[in-house]
Amino acid sequence: MSDIIRVQDVSYEYERADEQGELAVRGVSMRVKKGEWLSILGRNGSGKSTLIKLLNGLFLPTHGSVTVGNFDTRDENHIWDVRQTVGMIFQNPDNQIVATIVEEDVAFGLENLGVSPKEIRQRVDAALAAVRMSEYAAAAPHMLSGGQKQRVAIAGALAMEPDVLLMDEPTAMLDPGGRREVMETVERLHRERGLTVVLVTHFMEEALRGDRVIVMQDGRAILEGPPRELFAKEAEAICRAGLELPPMAELARRLRAKGLSVPGEPMTVEEMAAAFGALRRERRGKHAG
Amino acid sequence: MLKDITLGQFYPGDSLVHRLDPRVKLVLMVVYIAMVFLVEGFLGYLFLAAFLAVSAFLSRIRIKFLLRSIRPVLFIVVFTFVLNILFTRGDHPILEWGVLHITWEGVRFAVFMSLRLVFLLAGTSLLTLTTSPIALTDALERLLKPLNALHFPVHEMAMMMTIALRFIPTLLEETDKIMKAQTARGADFDTGNLLQRAKAMVPLLVPLFVGAFRRADELAMAMEARCYHGGRHRTRMKVLRVSRADGWACGATAATLLLILLERLL
Amino acid sequence: MPVEVRDLTHTYNEDSPFAAAALRDVSFAIEDGEFLGVIGHTGSGKSTLIQHLNGLIRPTSGTVIVNGLDLSDKSTDLRRVRRRVGLVFQYPEYQLFEETVQKDIAFGPRNLGLDGDEVQRRVEEACALVELPFAAVRDKSPFELSGGQKRRVAIAGVLAMEPEVLILDEPTAGLDPAGRDAILALIRRWHEGGRTIVMVSHSMEDVARLADRILVLDHGKKAMEGTPREVFADAGRLQEMGLDVPAATRLARELSDRGFDVPRDLYTLEELEEALLRAFGEGGSAC
């Protein structure tokens, strides 16, 4: 897989008028591979939201460089190419919808790019269908639920035909139903269209769905690897970073600490039940032998 | 709940009047206002009333709604009426009592002036009832485009209008929420004299402003992420097209204008 | 008994085309010192319900009696109800407005007409309750604090009114796991200190861990009421209503379905851990 985003030794300092700047990101290097699902985990204030805003040139690195496709994000001539390649969804569903009608909002990005009206129409209709919001095309955004608003925002990014979808805690302000709606939508787009996903979150269950995880703490990327491997092997470091394991991984860890050897790396209820099934078979085998 | 209240007074529908091009409607509204001020004499008022009645009928907006728009300014209408009756001088007195001189001319003038006001309000209401605020903004942006040459920020003004319209329901809801939260902390927004009430607004206004700035900041970032860079090279999904119905509407308006002018000249 | 709700019905915009019934014939009671969890999906009437308990709105029909004060009685002064019942809204940090933390927390007590010394005592005590270092934050602007600290200041602002019943609407929304655990630990401590608590939450895990009793709302009606064990035992019904079930309950049921000797009505990881050790641990048999 080729890299679509390359982050090289990036630091980012927030400017403060009165005092010394604050380093939110400190010397992070990472890559986003085409077609992968990368989750960035970390507690509030760990620098994860700053990092993701560096990936589409909303913030420009104080040190180091960020490259999207062939373009450095500091290259002003290509900033719109960068933003078209990398779509972004924010945490607050209300504060990213510009228009008073759903379909007009989905069209917003394409209108900015100067796409012809006929093509905008086609792409907007297709994007709304992709997030299953076609029947709300003429609705007013403020009448939608949080989950629906986020899906409209995803449609707005999707209409611009990006390669990468950046999501900054897209489910943090939603109820469990809305959270499911949004995650299922993103999962489907990732699976069916090969959309590259970069998801910032502190919900460990959401990270489980991805290919790779980066854990941030105090502006640094402290851990990196496939989620299951990380949750199994780095439980302590994860807890120290202010996060917690998915409930089943936590249960397996506690049981092992008490001498009950749960087989495999169960992360979900189904996997845990299966692990105990395996344990039972194993013990019966021993009794028989 | 606040968010169920429709914005402005737009009354959604699919009538002939609803479907007219908003630009055409805006231009015709200007012509209509001109007519209201040009009209003179019974016949002219009759033409204007007929024009309004036909438009209202075609819009399928109930007369009740149209008249409702007059209610808030009813006082001004009555005031105008009384003022004109009392202070118009004429040669055909009806009643003279002390300083009071009521003349036929006065009555006639008072009726006409009040009618003008009523026509003005009913007509503009018909526009806002049949055209969504967003369509109006859109029409304004396109009609005022030539002003760009004079460096008037037409697109920016329209974008600001759009965003304001988008966030009014959100901010109303937020106002309600903060008000309740502060009430739960013992705040009192309803009693006391003017100064006390003004002071009581601080716990509401500060969080509201802080919230609005946070929203503005986030929205600006979201717009940038979607490649917004002003009105240059921007296209629109919805192309406004003038239809045959717009032609008829222009024709009808022109005919009424002609009749009113004829009456005035003859 | 501090709170009694009988046949509570609330309709928004009554007599208008937008009329919407938010609550229908809801009855329940809250005992002194109890921890009541209220769950239900968005639009189930939770917010409307807790606004009644605080006297922010009056019932359309039915009665709400808070410590002998009847809300449906038009002559009842709602402000007296609000003194007894404190309400912490969702994202309470969005209500902060004063120049300093000290002044913001003092807003509620000052509205009660207390004298300066008493206000000061309450502010300091409230700060201690939310575990904020008073000396370090008193003169800071609440807007400079971190998200978690802001929320503590906002909650302290309600605690400083010294309510007998504390209602919290989604007190952990938007916090990270560490911040969430810290707030939940505080709430648990206040409850253990004898305070009556009502907590509205989407998170079944949080409610399961803390509540003595759970009230489930669905489309404005009371759907279930009982101890966490009773409510989570009917997991199927919760799922039908589109609500989550704690992961521990799901695993217990799944294992029980597969013939393991595990009770079906467990709802915390700790209980489950114990049951599994009993079933599988040293000397335990799997069947």
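**Entry 1: Tyr91(C)**

I began with Tyr91(C), which counts as buried because its relative accessibility of 15% falls under the 20% limit. The model is a predicted one, and I read each entry below with that in mind. I then looked up the backbone of Tyr91(C) and noted a phi near 45 degrees, a positive value in a residue other than glycine. I located Tyr91(C) in the loop between β6 and α3 of chain C.

**Entry 2: Phe89(C)**

I stayed with this loop, which runs between β6 (85-88) and α3 (101-111) of chain C and also holds Phe89(C). Is Phe89(C) buried or exposed? I found a relative accessible area of 9%, so Phe89(C) is buried.

I next asked which residues Phe89(C) contacts once its neighbours within four places in sequence are left aside. From chain B I listed Lys180(B), Ala181(B) and Ala184(B). From chain C I listed Gln51(C), Leu56(C) and Asp169(C). The contacts of Phe89(C) thus include residues of chain B as well as of chain C.

I also took one distance from this residue: the C-alpha atoms of Phe89(C) and Glu144(C) are 21 Å apart, with a separation of 55 residues in sequence.

**Entry 3: Asp25(C)**

I looked up a further positive phi in chain C. Asp25(C) has a phi of about 50 degrees although it is not a glycine. I placed Asp25(C) in strand β2, residues 20-30 of chain C. Its relative accessibility is 54%, and Asp25(C) therefore counts as exposed, the cut-off being over 50%.

**Entry 4: the nonpolar cores**

I turned to the largest nonpolar core, for which I recorded 49 residues. The residues with the most contacts inside this core are Ile105(C), Ile187(C), Trp190(C), Val216(C) and Leu238(C). I noted that helix α6 of chain C, residues 147-159, gives the most to this core, with six residues. Apart from this core lies another, of 37 residues, and I noted Met133(A), Ala159(A), Met160(A) and Leu189(A) among them.

I followed Ile187(C) further. Beyond its neighbours within four places in sequence, Ile187(C) is in contact with Phe35(C), Leu168(C), Pro171(C), Ile197(C) and Met199(C).

**Entry 5: chain C as a whole**

I counted 12 helices and 10 strands in chain C. How does the radius of gyration of chain C stand against that of a compact globule? For 287 residues such a globule would have a value near 19 Å, and the 21 Å of chain C agrees with this. I recorded a box of roughly 65 × 50 × 35 Å for the C-alpha atoms of chain C, taken along the principal axes.

Buried residues account for 56% of the 287 in chain C. Among its contacts between residues at least 6 apart in sequence, 59% join residues at least 24 apart. I noted an exposed area of about 11400 Å² for chain C, with 44% of it supplied by carbon and sulfur atoms. For charge, I listed 34 positive and 48 negative side chains in chain C, and the centres of the two sets lie 3 Å apart.

**Entry 6: chain B as a whole**

I looked up the same topics for chain B, which has 11 helices and two strands. Along the sequence I read the pattern α-α-α-α-α-β-β-α-α-α-α-α-α. The radius of gyration of chain B is 24 Å, well over the 18 Å given by the globule rule for 266 residues, so I recorded chain B as more spread out than a compact globule. Its C-alpha atoms fill a box of roughly 70 × 55 × 40 Å along the principal axes.

I noted that 38% of the 266 residues of chain B are buried. Contacts in chain B between residues at least 6 apart in sequence join residues at least 24 apart in 74% of cases. The accessible surface of chain B is about 15600 Å², and 72% of it belongs to carbon and sulfur atoms. I listed 30 positive and 20 negative side chains in chain B, with the centres of the two sets 5 Å apart.

**Entry 7: Glu103(A)**

I closed with a residue of chain A. Glu103(A) is found in helix α3, residues 102-113 of chain A. Its relative accessible area is 9%, so Glu103(A) is buried. Not counting residues up to four places away in sequence, I found that Glu103(A) touches Arg121(A), Val124(A), Leu128(A) and Ala137(A) in chain A, together with Met237(B) and Lys238(B) in chain B.

Methods. Residues are numbered from 1 along each chain as its sequence is written. Chains are lettered from A and ligands numbered from 1 in the order in which they are written. This is a predicted model: local features need pLDDT of at least 70, side-chain atom pairs count only at pLDDT 80 or more; totals for chains, interfaces and linings use all residues. Side-chain values use heavy atoms; hydrogens and water are left out. A nonpolar core is a set of buried Ala, Val, Leu, Ile, Met, Phe, Trp, Tyr and Cys residues joined through side-chain atoms within 4.5 Å. Buried means under 20% relative accessible area, exposed over 50%, partly exposed in between (1.4 Å probe, protein chains only). Helices (H or I, at least four residues) and strands (E, at least two) are DSSP runs, numbered from the N terminus. Contact means heavy atoms within 4.5 Å. The radius of gyration is taken over C-alpha atoms; the globule rule is 2.2 Å times the number of residues to the power 0.38. Accessible areas come from the Shrake-Rupley method with a 1.4 Å probe; for residues, only the protein chains shown count as cover. Lys and Arg count as positive and Asp and Glu as negative; His and the chain ends are not counted. The place of a charge is taken as NZ of Lys, CZ of Arg, CG of Asp or CD of Glu.
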